Amino acid sequence: MTIPNLNHLTIAVVGATGAVGAEFLKIVEQRHPGLHSLKLLASSRSAGTKLTVNGKEFTVEETTEDSFQGVDIAFISASTEASRHWAPIAVAAGAVVIDDSSAFRMQEDVPLVVPEVNGADVTWHQGIIAIPNCSTTPLVMVAHPIHRVNPIKRIIADTYQSVSGAGGAAVQELREQSDALLKGQSVTPRHQPKQIGFNVIPQIDSFLDNGYTREEQKMIDESRKIMHAPDIRVSATCVRVPVMVSHSAGIHMELERAMDTNEIRALLMDMPGLTVLDDTGAGDYPMPWDVAGEDDVFVGRIRKDASDLNGIALWIVSDNLRKGAALNSIQIAEELVARECLKPGSSPKPKFDFGEPESLIAAEYRMDLEYFRANVDELLPEYRGRFVAVINQTVIDSDVDYVPLMDRVHEKYGDRPIVIEELPPRPRIYHNHTTFRGENSQAMLGKEGRGPDSV
Ligand SMILES: NC(=O)c1ccc[n+]([C@@H]2O[C@H](COP(=O)([O-])OP(=O)(O)OC[C@H]3O[C@@H](n4cnc5c(N)ncnc54)[C@H](OP(=O)(O)O)[C@@H]3O)[C@@H](O)[C@H]2O)c1
């Protein structure tokens with residue numbers, strides 16, 4: 001897939017010296033080596049720090065009211081308070097804000113976007129687009145491809161979240177506590193609510209009246225918003241574990257109808273941005289150390305839920321600093337450029353009443369799916385490996401995504417379309433964990449921490 005070019009834009013990064021900011025700049029070098037018009041911003045603590053990006057040296061500046069003049073896109077990844085303060089100022093100066101905090105995620109007029117799932121939502125932004133919490137993103141990446149063919153009724157997610165999700169200072173705290181505990185010394189928690197060295201903490205963020213933590217409530221609310229699926233029942237338990245980078249989660253989903261694990265596996269393999277690593281015979285499943293530094297969300301341990309006829313269980317791992325934060329933000333910028341909607345209000349906010357047409361389609365889709373899969377090479381040899389949709393025996397388009405596709409289906413075929421198949425490009429499948437880089441885990445083991453933050 002060609003990555004839309006961002007080189008003509010001026011991009012500001014608020015929080016350039018933080019854990020997410022550092023990863024952001026690394027991804028800029030990997031995906032946009034010709035991007036040179038950057039403004040690196042932080043608080044007064046880091047003003048004057050020199051950072052080199054794409055071979056050019058930049059001086060980090062303190063963020064001020066004037067920082068956003070001439071900026072096209074402002075990425076804000078600092079703290080919720082900083083986002084609340086700086087985002088309106090950046091929008092007033094004419095920038096589109098892509099915000100990493102929880103400040104605006106559930107606001108009606110703010111799209112909350114994971115491009116592979118709801119990329120079309122960027123078109124109705126009013127100046128601010130939010131990215132989800134770093135545990136929500138991998139959850140919707142696996143839930144979405146399943147939900148659109150077999151509606152999900154209920155999700156239970158239990159997370160195992162790394163310390164880098166709480167910022168650079170929490171990474172440093174884990175290193176210090178581990179060192180001290182190995183020497184038999186006692187430790188005093190500073191950035192986590194309890195000791196994190198050689199321990200797990202069933203609390204991320206503060207507790208709400210309903211007994212859930214804010215982090216858990218974010219997973220519940222955000223996943224429904226991104227998937228346009230307010231009826232899915234979601235429960236989560238979010239746990240901090242002594243891992244440097246990458247969040248993991250055990251997920252249970254109750255579906256409308258029972259589904260074969262091979263069918264689930266095929267759907268997940270077809271989802272862009274997902275890698276299926278699921279060969280228990282060979283001992284292959286994703287783990288946080290290996291996935292750190294990778295772009296994809298990894299999924300393994302795919303199995304029928306032993307406690308629910310219509311249920312499935314699986315295990316997901318993703319790099320919280322990349323797909324959980326920085327990469328997702330950059331993909332949103334690319335989506336804005338590809339859809340030519342940098343200017344706010346490019347299109348009106350659609351009504352999210354996808355429930356009925358989607359389940360009608362799912363019913364018809366079920367009947368044809370097996371036949372189509374068995375005969376895909378014969379039926380569509382010229383489209384093999386491309387992203388196509390076949391509707392009522394007609395090839396509609398290539399490189400479409402789901403929401404505009406559904407609009408086109410309604411336009412062309414009226415109320416009861418039959419979506420026979422969509423074929424995204426085949427993702428990579430790893431069979432041997434030595435293929436992994438684990439880059440972020442290794443880097444974090446030697447990284448000095450920064451100021452405290454919440455996730
Ligand atoms: N870590 C994750 O996995 C993750 C995932 C999703 C979302 N997020 C969100 O991303 C944001 C940043 O997280 P992080 O892990 O990168 O934190 P971090 O390592 O603590 O870095 C915070 C960054 O924000 C800057 N900053 C703090 N207050 C500021 C202010 N008032 N004005 C301008 N800059 C300010 C800091 O600058 P100084 O160097 O000057 O202190 C630093 O560059 C948070 O909102 C977090 O919730 C994080």
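Student: When I look at the crossing of helix 4 and helix 7, how should I read its hand: is the crossing left-handed or right-handed?

Tutor: In this model, which is a predicted one, the crossing of helix 4 and helix 7 is right-handed. The residues that make this contact are Val 142, Pro 145 and Ile 146 on the side of helix 4, and Ile 264, Leu 267 and Leu 268 on the side of helix 7. Sorted by class, the contact of helix 4 with helix 7 has six nonpolar residues, with no polar and no charged ones.

Student: At roughly what angle do the axes of helix 4 and helix 7 cross?

Tutor: The axes of helix 4, residues 136-147, and helix 7, residues 261-269, cross at roughly 115° and come within 9 Å.

Student: What are helix 4 and helix 6 to each other, in terms of direction?

Tutor: The axes of helix 4 and helix 6, the latter spanning residues 214-226, cross at roughly 45° and come within 10 Å. An angle over 35 degrees but under 65 counts as oblique, and therefore helix 4 and helix 6 are oblique to each other. As for the hand, helix 4 passes helix 6 in a right-handed crossing. Here the contact is made by Thr 136, Leu 139, Val 140 and Ala 143 of helix 4, together with Lys 218, Met 219, Glu 222, Ser 223 and Ile 226 of helix 6. By class, this contact of helix 4 with helix 6 has five nonpolar, two polar and two charged residues.

Student: Turning to the sheet, what is the order of the strands in the open sheet of six strands?

Tutor: A general point is useful before the case itself: in a regular strand, side chains alternate between the two faces of the sheet. The open sheet of six strands here has the order 10-9-11-14-13-12, and its pairing is mixed. Strand 10 (233-240) and strand 12 (274-276) stand at the edges and have a single partner strand each, so one side of each is left without a neighbour in the sheet. From one strand to the next, the twist averages 20°.

Student: How many bridges join the paired strands, beginning with strand 9 and strand 10?

Tutor: Strand 9, residues 152-161, runs parallel to strand 10 and is joined to strand 10 by eight bridges, with Thr 159 standing opposite Cys 238 in strand 10. Towards the other edge, strand 12 and strand 13 pair in the parallel sense over three bridges, and Val 276 has Val 299 of strand 13 as its bridge partner. Strand 13 and strand 14, by contrast, pair in the antiparallel sense over five bridges, where the bridge partner of Gly 300 is Trp 315 in strand 14. A hairpin of six residues joins strand 13 to strand 14.

Student: Which strands does helix 4 lie across?

Tutor: Helix 4 lies across strand 9, strand 11 (247-255), strand 12, strand 13 (297-304) and strand 14 (311-318), and it runs at about 25° to strand 11.

Student: Finally, which residues are the closest to the ligand?

Tutor: The closest are Gly 15, Gly 18, Ser 46, Ala 78 and Gly 167, in a shell of 35 residues that surround the ligand. Two or more residues of this shell come from each of helix 1 (19-31), helix 2 (80-92), helix 5 (168-182) and helix 9 (322-338), and helix 1 supplies the largest share, three residues. By class, the shell around the ligand divides into twelve nonpolar, 19 polar and four charged residues.

Definitions and conventions: Residues numbered from 1 in each chain as written. Predicted model: local features only at pLDDT ≥ 70, side-chain atom pairs only at ≥ 80, totals over all residues. Axes fitted to C-alpha atoms, helices over the stretch in contact; angles between N-to-C directions. Helix = DSSP H or I, 4+ residues; strand = E, 2+ residues; numbered from the N terminus. Left-handed = near helix turned anticlockwise from the far one by under 90°. Contact = placed C-beta atoms within 7 Å. Nonpolar A, V, L, I, M, F, W, Y, C, P; charged D, E, K, R; others polar. Parallel < 35°, antiparallel > 145°, perpendicular 65-115°, else oblique. Near = placed C-beta within 6 Å. Pairing = 2+ DSSP bridges.
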